[in-house]
Every structure is written in structure tokens, then in C-alpha cells.
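Here is a short tour for a reader who has not met this structure before. Keep the sequence and the 3D view open while reading.

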Amino acid sequence: MDDVIIIGGSFAGLAAALQLGRARRKVTVLDTGLPRNRFAGHSHGLLGHDHKPPLDILAEARQQLARYPTIRLVNARADSISGAIDDFSVLTGDGESLGARRLILSYGVTDQMPDVPGFAESWGTSIVPCPYCDGFEVADQHWGLVWSGPQSHNYVRLYHDWTETLTVFANGHDISADIQADLARRNIPVVDGRIAEIAHHRGHITTVNLESGRNAAVDILFAHPRNKPSASLHESLGLDTVNTPFGIALKVDERRETSTPGIYAAGDLANPAMASVTTAISQGATAGIFAQQSMLV
């Protein structure tokens, strides 16, 4: 039996495995090799790895984990979970049954692309969600923001550190009069109407085309489509969740433990609003440390 099974081997999961491996705990990491940021050419803001392709960072992390004899990395999907603290059972897609005292869920989320031609093709290249991840590289350019609700007003203020040229695309949303007045005060134009198409060249935006026939050119488009957990294991376990403007997140305490004792969660699965590699690593390390400490006798 393992001490911990980690389901999801991207940044959060591998960070948890590193802490547990260094504590000489027996760990199995299950991963399908589809991290959320695989569409991005580079990852930014991660100390020591700034501006490196995220898949290269993950490959290097896996190589570093190989020096810890108690860590096993398995390319497999977790199909089901049963049991309780100190006696969990995980059935993989390969038919293998694994046992563990603790579980860490870090299988992330899937961004739900809108049914707009060109959007998915440009995602991660010129349509992005996070200014901390990509803002520096496109500073002082013409930014666009696809409005997704009242929370979008905060982005307008945030983006000012990177650019003074911003266009808001209402995309069918009714923006309140007070917010409209604030946008006008900031000299930020609002383009009404729904987006019909993202015209692009190999993922690089040329224009945002509206159903009205109007076209608007921007250099980069920020958007926040809703996301959903990339697996449904938390549903079968009956774990408590939180509904956020971005999607469903697992509810965790300060130790990253979920509503079920012995099950921890980290990364975007428990914090979809912050799509940050740095945050995922921090949360993963925290989950690994507290899972280890919970097994002390």
C-alpha cells in the first residue's frame, strides 16, 4: 500500500510528490499527460524557469523526481476511488487496483471553449486568461477583454499596469450603467454585440469579428471562459464544492484537505480563478506536507 496516491501529475501534483518523496513516503502519481497549460508556448513568472515551455519544465521535474526511490510515476487515468482514510482504493484505466492511506487530487480543470470559430485555435497563443502569465510580453500593445460578468471590471483596473490601450467586448452581456460610466471615464471603448469569429493567422489574432459585421483589431485578447474539473472523481466521492464565476472548485481548508478526511486537493481544481503555475506549485507542496504530517504517529 502507498502512503499517498496523487491523481494528476502536472505542477501541483509533482510538487506534492517532491515533498512526500523527500520525506521518504511511498507515493504513486497517476497522470494522463494533458496539463491545462499545454497550449501555451512559454510559462512565465516561475522563479528559475521563466520563459520556458511548460512541457519542458514538467519533463525536467519528472527527471528530478527519479532520484527519489519511493516515488512512482504512472501514465494512467484514475477511473474510480473507494474506501476511507488509511484505506483508500484507486482503480486505474489499465485495470490496476492501488491502495493508499491518503489521496491528493490535482487533476486540474478543462477550459470550456465557446462555440466561436478561431477561439480554440488561438487559445494560449493570442487569447489568454492571465496578465501575470503573459502581460509583460505584450505590454503597451492593444489589448482586448471579453466581458464575462461583473468580475471583469476588476481586470480593467488590473490591466492598466501593462497597457493604456484596452477595448472591451461586451459579447452579449449587459454592462451596468455605473460600470459603463467608469469605463468611459477611463477612455476605454466598449464594443457591443456578440463575437462571431476570431480571425487569426496560426493562432495570432488579426481581428475580432462581430455578428453585426463590425471588425475590431487587437493585438491580444484576454478571456475567461468557464471551466470544469477534468474528471468527475470528486462527484463520486461526494466532496464539497464551491461555485465560482469561473466554474466549480473543490472546497478545502488551510491544509488543503477536502470535506472528506484524508483527501487533499491542490492546483486549479481547488482554485480555478488563479491559473498560475506558481500558485499550483505552492498549493501542491502544501498538500503534500500536510498529508505527510497527518500520518505521523
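## The five-stranded sheet

Five strands make up an open sheet, ordered 8-15-9-10-11, and their pairing is parallel. Its edges are strand 8 (127-128) and strand 11 (190-191), each of which pairs on one side only. This is a predicted model.

Start at one edge. Strand 8 runs parallel to strand 15 (residues 220-222), and two bridges join them. Within this pairing, isoleucine 127 sits opposite leucine 221 of strand 15.

Strand 10 (166-169) belongs to the sheet order as well. A loop connects strand 10 (166-169) with helix 6 (177-185), and asparagine 171 is found in that loop. Asparagine 171 has a phi near 50°, a positive value in a residue other than glycine.

## The three-stranded sheet

Another open sheet has three strands in the order 12-13-14, with antiparallel pairing. Here the edge strands are strand 12 (195-201) and strand 14 (215-216); each pairs on one side only. Strand 13 (residues 204-210) is joined to strand 14 by two bridges, in the antiparallel sense. Valine 208 has alanine 216 of strand 14 as its bridge partner.

## Strands 1 and 2, and the loop that follows

Strand 1 (residues 2-7) and strand 2 run parallel, joined by four bridges. Isoleucine 7 faces leucine 30 of strand 2 across this pairing. How much of strand 2 is covered? Strand 2 (residues 27-31) is mostly covered, with four of its five residues buried.

The loop between strand 2 and helix 2 holds histidine 51. The phi of histidine 51 is near 65°, which is positive in a residue other than glycine. Histidine 51 counts as partly exposed because its relative accessibility is 41%, between the 20% and 50% cut-offs.

## A hairpin

Strand 4 (residues 78-84) pairs with strand 5 (residues 87-92) in the antiparallel sense, over six bridges. Isoleucine 81 has its bridge partner, valine 90, in strand 5. Two residues lie between the strands of this hairpin of strand 4 and strand 5, where aspartate 86 takes a positive phi near 75°.

The pairings described so far can be set side by side.

| Strands | Sense | Bridges | Residues opposite each other |
|---|---|---|---|
| Strand 1 and strand 2 | parallel | four bridges | isoleucine 7 and leucine 30 |
| Strand 4 and strand 5 | antiparallel | six bridges | isoleucine 81 and valine 90 |
| Strand 8 and strand 15 | parallel | two bridges | isoleucine 127 and leucine 221 |
| Strand 13 and strand 14 | antiparallel | two bridges | valine 208 and alanine 216 |

## Two helices side by side

Now turn to helix 1 (residues 11-22) and helix 2 (residues 54-65). Their axes come within 11 Å and cross at roughly 20°. That angle is under 35 degrees, so helix 1 and helix 2 are roughly parallel to each other. The crossing of helix 1 and helix 2 is left-handed.

Which residues of helix 1 and helix 2 meet? Helix 1 brings Phe11, Leu14, Ala17 and Leu18. Helix 2 brings Pro54, Ile57, Leu58, Ala61, Arg62 and Leu65. By class, this contact of helix 1 with helix 2 has nine nonpolar residues, no polar ones and one charged one.

## Three residues to find

Is glycine 247 buried or exposed? Glycine 247 lies in strand 18 (residues 247-250). Its relative accessible area is 0%, under the 20% cut-off, so glycine 247 is buried. Glycine 247 and isoleucine 195 are 52 residues apart along the chain, and their C-alpha atoms are separated by 22 Å.

Next comes glutamine 283, in helix 8 (residues 277-293). Glutamine 283 is buried because its relative accessible area is 11%. Leaving aside neighbours within four places in sequence, glutamine 283 is in contact with Arg256, Ala266, Gly267 and Asn271.

Serine 294 is placed in the segment after helix 8. With a relative accessible area of 30%, serine 294 is partly exposed. Not counting residues up to four places away in sequence, serine 294 touches Arg102 and Tyr264. From serine 294 to aspartate 178 the separation is 116 residues in sequence and 50 Å in space, C-alpha to C-alpha.

Terms used:
Residues are numbered from 1 along each chain as its sequence is written. This is a predicted model: local features need pLDDT of at least 70, side-chain atom pairs count only at pLDDT 80 or more; totals for chains, interfaces and linings use all residues. Side-chain values use heavy atoms; hydrogens and water are left out. Two strands pair if DSSP finds at least two bridges between them. Axes are lines fitted to C-alpha atoms, for helices over the stretch in contact, and angles run from 0 to 180 degrees between N-to-C directions. Angles under 35 degrees count as roughly parallel, over 145 as roughly antiparallel, 65 to 115 as roughly perpendicular and the rest as oblique. A crossing is left-handed if the near helix is turned anticlockwise from the far one by less than a right angle, and right-handed if clockwise. Contact means heavy atoms within 4.5 Å. Ala, Val, Leu, Ile, Met, Phe, Trp, Tyr, Cys and Pro count as nonpolar, Asp, Glu, Lys and Arg as charged, and the others, Gly among them, as polar. Buried means under 20% relative accessible area, exposed over 50%, partly exposed in between (1.4 Å probe, protein chains only).
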